[in-house]
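Work through the exercises below with the coordinates open, and try each task before reading the solution beneath it.

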Amino acid sequence: MSRCAHICLMADYNQWMNAKVYAAAAGLPPGELQRERGAFFGSLLATLNHVMVGDTLWLQRYAKHPAGFPLLDPIRAITPPASLTHPLFAAEDFSAMHAHRLWLDQLIIDWAASIREEDLDHLLDYRNSKGPNRREFFSLLMHFFNHQTHHRGQASTLLSQAGVDIGDTDLLFRIPNHIED
């Protein structure tokens, strides 16, 4: 599998898993999304918000790649979140948050399909809270998808604690099986 194909696989996995997590979260009784559960970000809502904040910040950094990535133009127009915990939506407006997640995941799918192999070796300059950085673009993309997976694992645990099973979560279920019938 090429690196570009792997990026597209990870974008697909991201969308698939977010759909499962958000569908499960939407079915929770009132107040359960915001309930403090002792997780790193406290609640399920705050955990899901952090993933969205992280995605937004990383996509804004990726939009500065010399390839231009016109599909990231909508991300350029968003005011960067003020912090990694900055609430992007009001706690009582989970449906708007969910709609934004759907939009963001489709943007990631479409953008991932536009990345070319020659884009991946570029050293991307960016700034975070610790200062300036320069890292290989492909490795930063792998971090992007790993960050999502890590925090969705936390969200899955929080849902499990709330009595909700989201089912299979393994990437294996999104990898094409090449066994011939």
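The exercises that follow concern a predicted model, and each solution proceeds step by step.

**Exercise 1. The nonpolar core**

Determine how many residues the largest nonpolar core has, and which elements each supply at least two of them.

Solution. Begin with the count: the largest nonpolar core holds 44 residues, and those with the most contacts inside it are Leu44, Leu48, Leu59, Tyr62, Trp111, Ile115 and Phe137. Next, assign the core to elements: at least two of its residues come from each of helix 1 (3-26), helix 2 (44-62), helix 4 (94-114), strand 1 (123-128) and helix 5 (137-161). The largest share, 10 residues, is that of helix 1. Then take Leu59 as an example: once its neighbours within four places in sequence are set aside, Leu59 is in contact with Leu72, Ile75, Leu104, Ile108, Trp111 and Phe144. As background, nonpolar side chains in soluble globular proteins tend to be buried together.

**Exercise 2. Two histidines**

Decide whether His6 is buried, partly exposed or exposed, and do the same for His147.

Solution. First locate the two residues: His6 lies in helix 1, whereas His147 has its place in helix 5. Second, apply the cut-offs, by which buried means under 20% relative accessible area and exposed means over 50%. His6 has 26% relative accessibility and therefore counts as partly exposed, while His147, with a relative accessible area of 14%, is buried. Third, list the contacts, leaving aside neighbours within four places in sequence: His6 is in contact with Met1 and Met142, and His147 is in contact with His50, Val51 and Gly54. Finally, check a long-range pair: His6 and Ile175 are 169 residues apart along the chain, yet their C-alpha atoms are separated by 9.5 Å.

**Exercise 3. The strand pair**

Establish in which sense strand 1 and strand 2 pair, and over how many bridges.

Solution. Strand 2 covers residues 131-136, and its pairing with strand 1 is antiparallel, over 6 bridges. Consider then the connection: the two strands form a hairpin, with 2 residues between them. One bridge can be followed individually, since Arg127 has Pro132 in strand 2 as its bridge partner.

**Exercise 4. A residue with positive phi**

Find where Phe69 is located, and classify it as buried or exposed.

Solution. Phe69 is found in the loop between helix 2 and helix 3. Its phi is positive, about 40°, although Phe69 is not a glycine. With 3% relative accessibility, Phe69 counts as buried.

**Exercise 5. The largest pocket**

Describe the largest pocket by its volume, its lining residues and the division of that lining into nonpolar, polar and charged residues.

Solution. Start from the volume, which is about 630 Å³. The lining comprises 28 residues, and Leu57, Trp58, Arg61, Leu84 and Asn128 lie nearest the centre of the pocket. By element, helix 2, helix 3 (73-76), strand 1 and helix 5 each supply at least two lining residues, with helix 2 giving the most, 6 residues. By residue class, the lining divides into 13 nonpolar, 8 polar and 7 charged residues.

How values were computed: Residues are numbered from 1 along each chain as its sequence is written. This is a predicted model: local features need pLDDT of at least 70, side-chain atom pairs count only at pLDDT 80 or more; totals for chains, interfaces and linings use all residues. Side-chain values use heavy atoms; hydrogens and water are left out. A nonpolar core is a set of buried Ala, Val, Leu, Ile, Met, Phe, Trp, Tyr and Cys residues joined through side-chain atoms within 4.5 Å. Buried means under 20% relative accessible area, exposed over 50%, partly exposed in between (1.4 Å probe, protein chains only). Helices (H or I, at least four residues) and strands (E, at least two) are DSSP runs, numbered from the N terminus. Contact means heavy atoms within 4.5 Å. Two strands pair if DSSP finds at least two bridges between them. On a 1 Å grid over the protein atoms alone, a cavity is a set of points where a 1.4 Å probe fits but cannot get out, and a pocket is an open set with protein on both sides within 12 Å along at least five of seven lines; lining residues have an atom within 4 Å of a point. Grid points are joined across faces, edges and corners, and a volume is the space filled by probe spheres set on the points. Ala, Val, Leu, Ile, Met, Phe, Trp, Tyr, Cys and Pro count as nonpolar, Asp, Glu, Lys and Arg as charged, and the others, Gly among them, as polar.
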